[in-house]
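Here are a few exercises to work through with the structure open beside you. Try each task before reading its solution.

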Amino acid sequence: MTSLRQRKGSKGKDPGPSVQNLKPDCTAEPRERFATGGFSWWTILCVMTGSTVGISLGLLCCIYVATLHENDLWFSNIKEVEREISFRTECGLYYSYYKQMLKAPSIQQGLYELIHDNTTESKRTINILQRMNIYQEVFLSILYRILPIQTYLEPIYFYIYTVFALQTVYVIALFITSWLLSDSWLAGALSGVWYILNRVDTTRVEFTISLRENWSIPFFALQVAAITCYLRPQLKPIHQRVILWLVFVSTFCFCLTWQFNQFVLLVQALIIFTLDCLDFLTTEQVVSLYLMQVLSLLLVWLLQFCNSMILGSLVLSFIVSALFIKHFQTGLKTGGFVIRVGKLALHTLLVLTLTFTINYSAKKILQLKSDEHIFKFIKAKFGFGATRDFDASLYLCEEAFGLLPLDTFERLAGTVLLYPYLCTLSVLFILLLLVALSNLSTNGSGQASKEKEDRTFRMRPDVAYNLLHTVFFGLLAFSTMRMKYLWTGHMCPFAAFGVCGKEVWSLYLRVLHCNTKTMMRLIRYSVPIVILAFLYYKFWPRLMEEISELREFYDPDTVELMEWIRLKTPKRAVFAGSMQLLAGIKLCTGRVLTNHPHYEDQALRERTRQVYQIYARQSAEEVHKVLCSVGADYIVLEDSICYERRHSRGCRLRDLLDLANGHIMDGPGENEPDLILATHPRFCEAIKTDMTPYSTLFTRVFKNKTFHVYKLKKLKKKNKAENGP
């Protein structure tokens with residue numbers, strides 16, 4: 001539908017990575033000086049230099065994606081309706097609430113309309129603030145009202161610039177993480193450059209601006225940076241409390257802005273649980289991090305008007321179970337290796353058993369079905385669920401929810417990110433296993449603590465956390481491509497840490513028997529500089545070419561449809577159609593919808609499946625009955641769906657509907673033996689013949705090359721009585 005066209009006219013021996021051995025150089029952050037409070041002018045100069053580089057890279061990334069967005073769409077020169085159409089699928093739905101808040105007579109009235117919304121789902125009044133994560137739109141609309149910027153900055157620019165500005169926050173967070181891990185701001189510089197050069201795999205913000213992940217992932221990166229700082233050794237108690245507040249604030253912002261927060265936090269909770277079992281974290285650290293997650297989720301639960309999906313989340317059940325079992329299972333970290341492994345196995349089994357018991361009970365008590373489609377998808381993806389389930393199949397057939405494509409690694413290798421990442425990952429993972437085995441071989445006594453300090457191989461808890469973070473989210477990215485943005489962003493600081501940190505290089509130099517301070521310094525600072533020089537030489541001309549390529553938004557059929565709806569239909573008219581298109585109709589025209597792309601509601605999913613019968617093999621009477629039951633006045637049929645060729649057989653929307661209805665699919669190919677031949681033609685094709693009974697129940701009122709709009713004829717009571725039993 002939407003397309004882009006070329007715009008006219010464009011064209012001694014180092015004892016290891018101990019803190020005490022750091023010297024004040026221009027790229028190091030002396031951890032010892034932070035601990036003792038002794039700052040020299042040289043240290044302050046180094047921190048100022050690193051901070052300037054980090055902020056500059058963040059601003060560069062923000063300007064870069066904003067320029068790409070402008071050049072791809074010629075956003076400043078197109079009409080308002082075209083700008084709004086560029087907010088694709090669910091992005092348009094979220095932006096519509098920002099627009100709605102600004103159009104309201106007052107902030108109070110705008111909030112009331114969101115809490116008592118009757119335009120998003122026909123014949124229903126729903127609380128948008130409870131159902132969806134749109135507090136960011138509410139906050140921005142209020143901010144735009146009170147700031148004196150209305151005269152020189154349009155609302156839509158205020159919105160998109162805010163999202164692009166979050167990319168600055170994201171890059172700075174990655175910069176800080178790599179700086180903390182490696183004690184060198186050169187690592188932060190390398191991390192920021194890698195993030196920008198791997199834009200295709202690290203973000204999609206320039207063409208999916210309103211997507212929830214573009215709001216939340218920057219806060220998640222901030223949280224990882226705060227956790228990294230919190231887990232650093234020799235941090236004073238007062239500093240720990242301050243950093244914990246930063247962890248809480250960033251976790252809360254992350255949870256408030258994305259409905260999938262619970263699944264991301266579950267992975268993070270599993271990381272903390274693993275580090276606790278392997279004796280990398282203290283009990284205080286584990287409990288504190290768990291509590292930050294719980295408090296953030298509960299605060300979001302309150303702000304979302306007691307959204308039951310949060311209380312029924314697996315992560316809350318897991319954290320409660322982990323803390324409960326940990327409290328009562330005393331002596332977990334005592335005994336020999338075999339005994340401790342046995343205790344950990346029992347501990348893990350008890351925690352998982354209690355987790356699923358609590359979660360099952362909570363969902364039964366709350367009658368929660370909002371997230372069951374996600375678990376259906378997970379079960380079907382790994383071969384444990386029904387493959388004909390419509391909701392699960394919608395996800396399974398989308399490329400974004402498939403396995404990570406192999407060409408991703410080719411692109412990452414092209415920017416020299418993959419090689420140091422794999423080297424760092426393999427070396428540190430082996431080191432983690434050795435340290436974990438050593439930890440499990442001790443009995444947790446005071447003598448054992450002294451033994452830990454005297455070991456040849458050690459691993460800092462902040463390094464261990466980031467290692468497991470990249471492993472766990474890497475596995476998640478491998479299984480589901482859409483989740484790669486949680487992994488690829490973190491790859492950048494992790495690989496930069498491997499290049500600039502002492503941990504990996506000290507192991508390599510020990511093997512080569514040349515582990516001297518001079519050699520360590522030479523390698524740590526020369527290698528990143530060489531890599532940065534190479535990246536500049538190879539990619540700077542490409543970046544300049546990319547941002548000089550000018551295109552233009554071009555989608556006349558959708559523009560024509562939106563203009564017709566806005567001018568020719570009643571303001572309270574109800575429209576039925578595909579989820580993606582209806583989100584745009586709500587944004588551009590403000591009309592009432594039957595369904596929409598925010599899929600986290602069981603009743604809405606069932607209604608969507610019913611409305612989608614317009615693309616199935618159903619009789620005109622049955623489709624008319626279904627549409628009338630949801631209050632539809634108009635239906636919009638799309639040729640791109642009715643005659644879809646983008647997906648292969650079995651994954652086209654019409655195929656999913658046929659399978660769910662028990663019908664044989666179109667075209668040559670195998671069918672399961674229990675499927676039957678449908679007795680009716682496909683509705684979206686047959687209605688275009690204008691034959692009875694289609695002409696009796698529907699009237700075509702609009703048509704162009706892409707869309708066909710039909711108005712439902714309301715049956716009179718007399719006709720209903722005559723056609724009755």
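**Exercise 1: the sheet**

In what order do the 5 strands of the open sheet lie, and what kind of pairing do they show? This is a predicted model, so take the strands as the prediction places them.

Solution. Step one: reading across the open sheet gives β4-β3-β5-β7-β6, and the pairing is mixed. Step two: the edges are β4 (592-593) and β6 (698-703), each of which pairs on one side only.

Step three: look at a parallel pair. Strand β3 (residues 574-576) and strand β5 (residues 634-638) run parallel and are joined by 2 bridges. To find one of these on screen, start at A576, whose bridge partner in β5 is I635.

Step four: look at an antiparallel pair. β6 and β7 run antiparallel, with 5 bridges between them. F698 has L712 of β7 as its bridge partner. The connection from β6 to β7 is a hairpin through 3 residues.

**Exercise 2: a helix on the sheet**

Which strands does helix α30 lie across, and at about what angle does it run to β6?

Solution. Find residues 620-629, which form α30. This helix lies across β3, β5, β6 and β7 (707-712). Relative to β6, α30 runs at about 75°.

**Exercise 3: checking a helix length**

Why does the distance between the end C-alpha atoms of helix α11 agree with its number of residues?

Solution. Step one: α11 covers residues 212-230, which is 19 residues. Step two: the rise is 1.5 Å a residue, and the expected span takes one less than the number of residues, so α11 should span 27 Å. Step three: the end C-alpha atoms are 27 Å apart, so the two values agree.

As a follow-up, how many residues of α11 are buried? The count is 18 of 19, so mostly covered is a fair description of α11.

**Exercise 4: classifying one residue**

Is Q240 buried or exposed?

Solution. Step one: locate Q240 in helix α12 (residues 237-256). Step two: its relative accessibility is 18%. Buried means under 20%, so Q240 counts as buried. Step three: list its neighbours. Leaving aside residues up to four places away in sequence, Q240 touches Y230, L235 and E284.

**Exercise 5: confidence**

What is the average pLDDT of the protein, and where is the pLDDT below 50?

Solution. The average is 89, and 91% of the residues score at least 70. Residues 27-38 are below 50, yet this stretch has 37 contacts in the model beyond near neighbours in sequence. Residues 718-725 are also below 50, with 1 such contact.

Definitions and conventions: Residues are numbered from 1 along each chain as its sequence is written. This is a predicted model: local features need pLDDT of at least 70, side-chain atom pairs count only at pLDDT 80 or more; totals for chains, interfaces and linings use all residues. Side-chain values use heavy atoms; hydrogens and water are left out. Helices (H or I, at least four residues) and strands (E, at least two) are DSSP runs, numbered from the N terminus. Buried means under 20% relative accessible area, exposed over 50%, partly exposed in between (1.4 Å probe, protein chains only). Two strands pair if DSSP finds at least two bridges between them. Contact means heavy atoms within 4.5 Å. Axes are lines fitted to C-alpha atoms, for helices over the stretch in contact, and angles run from 0 to 180 degrees between N-to-C directions. pLDDT is the predictor's confidence in each residue, from 0 to 100.
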